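Here are my notes from going through this one, written up as numbered points. Have the viewer open while you read.

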Amino acid sequence: MTEVWILGGTGRSGRAIAAELLRRGIGPVLVGRDAGRLAEAAAGPRPAGAGAAGGLRTVVAGSVAETAEAIRRERPAVVVNTIGPFIETGAPLLEACRPSSHYLDLANDLAAVAATLGRSQAFTDAGRTAVTGAGFGVTATESVVVKLCEGRPAPRRVRVDMVPSLVVEAGAVGDALAGTIVEGLPGVAGGGRFQGRRYRGGRLAPARLGGDPIRLVLPDGSTVTTASMPLGELMAAQRASGAADVVAASSEAPSSPLVRAVLPAATALLAIGPVRAFARRRLAAVRFTARPKPREHSWGHAVVQWPDGSTREGWLRVGEAQAFTAAVPAEVVRRLLDGEGKPGAYTPAALFGPGLAESCGGEYRLEEPGLARRPH
Ligand SMILES: NC(=O)c1ccc[n+]([C@@H]2O[C@H](COP(=O)([O-])OP(=O)(O)OC[C@H]3O[C@@H](n4cnc5c(N)ncnc54)[C@H](OP(=O)(O)O)[C@@H]3O)[C@@H](O)[C@H]2O)c1
């Protein structure tokens, strides 16, 4: 089989990835649970010159378990999983893919990224590749770390910051995103389910949600506040650098002193199962109003410090974050189909290096070595 399946083919990410694949001459199969919505997505807009006039093939599967069955039966070459929360959908779909399909997902929550990377040996043994974190946050920040650390010994400290600029479409938050936010970090070492994380001494350790706030001056001169969040970026940056102390931060983290004061009580409430289920349902139903992107570019940023005190800082500039999140999976799929991958489980730049982000429109801005500043 040489097919590429997009699970969640009717969703925002699924449709955008399909368009990026078509732009690369790859006609994906859209997989979903509703035949009508799938048919609409399969007949959707095509980029100029992309062909596929007859629409895309679709596969109807009513649940994640049915999707896993279909993968086992039809053995597509690559499966792109856009069905969150990935901590819930990842395990059964990874198991279905392992014997005969490469797997890729958009996770950027620490629990799901850690769980997939933990399956590396099983994928190596099967001769298949699993790529997790193939979206803006993980790819943009880890790419800068890989670039800054190329050919150098392991640094002591790393801080990464992700600053997405997103066009928000009107619509409901949905269960996938609500689940990712509300379910916390089940099974992640180094602290409680509703605590933040950082690396200390090479190990995951508790950290304050929204801690370590800094005001960043972006290369375009504008400013933004970032604060720590226990995202997949954290693990990707640690693995890419080998640093003992790592902090991952986001401009989307709650950084105001008031919110940070209230967070511990709110997260303590989420530890109660029924409260969590209620919060998840209510959050899933909240509607986004459409808004344009807040700034021209999205940025990945890293500051790396070595034991001798030398420091390097770098940026990756990309366009709208969701567009980058569509381009990265499509480019990873193309490379996997061309046999450029290797067996095991990886984050995107760990597998394909810093050039992957450039193939997706990213541009690096690296500052001169020797800046006298502390990363965190
Ligand atoms: N890493 C990143 O940078 C990044 C960026 C964007 C999104 N994401 C993540 O990617 C995921 C998808 O985002 P999105 O914006 O594309 O969401 P979306 O528009 O709500 O699409 C979700 C898709 O998943 C399908 N789905 C949901 N639950 C399912 C289930 N139980 N069984 C089968 N199909 C199911 C939906 O199908 P129906 O049409 O049948 O409902 C829909 O096609 C989210 O978890 C989001 O957090 C990550």
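1. Let me start with Thr-325, which counts as buried because its relative accessible area is 11%, under the 20% cut-off. Keep in mind that we're looking at a predicted model. Thr-325 sits in helix α12, which covers residues 321–337.

2. What does Thr-325 touch once its neighbours within four places in sequence are set aside? The contacts are Ile-17, Leu-106, Ala-134, Gly-135 and Phe-136. If you want a ruler across the model, try Thr-325 to Val-29: the two are 296 residues apart in sequence, and their C-alpha atoms are 19 Å apart in space.

3. Next, have a look at Val-318, in strand β16 (residues 311–318). Val-318 has a relative accessible area of 2%, so it goes down as buried. Leaving out residues up to four places away in sequence, Val-318 touches Phe-136, His-297, Ser-298, Phe-324 and Gly-362. Phe-136 is worth clicking on, as it is in contact with Thr-325 and also with Val-318.

4. Another ruler, this time from Val-318 to Ile-6: the pair is 312 residues apart along the chain, with 24 Å between the C-alpha atoms.

5. On to the domains. The assignment gives domain 1 as 4–135 + 322–357 and domain 2 as 136–321 + 362–366. Their C-alpha centres lie 23 Å apart, and the contact between them takes 30 residues from domain 1 and 41 residues from domain 2. Note that each domain is written as two stretches of the chain.

6. Now the backbone oddities. As a reminder, most peptide bonds are trans, and most residues other than glycine have a negative phi. Against that background, check the bond joining Gly-84 and Pro-85, which is cis with an omega of about -10°. Pro-85 is in the loop between β4 (78–81) and α4 (86–97).

7. Which way does phi go at Arg-75, positive or negative? Arg-75 has a positive phi, about 45°, although it is not a glycine. You'll find Arg-75 in the loop between α3 (64–74) and β4.

8. Asp-212 also deserves a click: it is a residue other than glycine with a positive phi, near 50°. This one belongs to the loop between β10 (203–207) and β11 (214–217). Is Asp-212 buried or partly exposed? With a relative accessible area of 32%, it is partly exposed, because that value falls between the 20% and 50% cut-offs.

9. Zooming out, I count on 14 helices and 18 strands for the protein. Is the overall size what you'd expect of a compact globule, or at odds with it? For 376 residues such a globule would have a radius of gyration near 21 Å, and the protein has 20 Å, so the two agree. Along the principal axes, the C-alpha atoms fill a box of roughly 60 × 50 × 45 Å.

10. A few whole-protein totals to finish. Of the 376 residues, 53% count as buried. Of the contacts between residues at least 6 apart in sequence, 73% join residues at least 24 apart. The accessible surface comes to about 15,500 Å², and carbon and sulfur atoms account for 53% of that area. As for charge, there are 44 positive and 34 negative charges, and their mean positions are 5 Å apart.

Key:
Residues are numbered from 1 along each chain as its sequence is written. This is a predicted model: local features need pLDDT of at least 70, side-chain atom pairs count only at pLDDT 80 or more; totals for chains, interfaces and linings use all residues. Side-chain values use heavy atoms; hydrogens and water are left out. Helices (H or I, at least four residues) and strands (E, at least two) are DSSP runs, numbered from the N terminus. The radius of gyration is taken over C-alpha atoms; the globule rule is 2.2 Å times the number of residues to the power 0.38. Buried means under 20% relative accessible area, exposed over 50%, partly exposed in between (1.4 Å probe, protein chains only). Contact means heavy atoms within 4.5 Å. Accessible areas come from the Shrake-Rupley method with a 1.4 Å probe; for residues, only the protein chains shown count as cover. Lys and Arg count as positive and Asp and Glu as negative; His and the chain ends are not counted. The place of a charge is taken as NZ of Lys, CZ of Arg, CG of Asp or CD of Glu. Domain bounds come from an automatic or database domain assignment.
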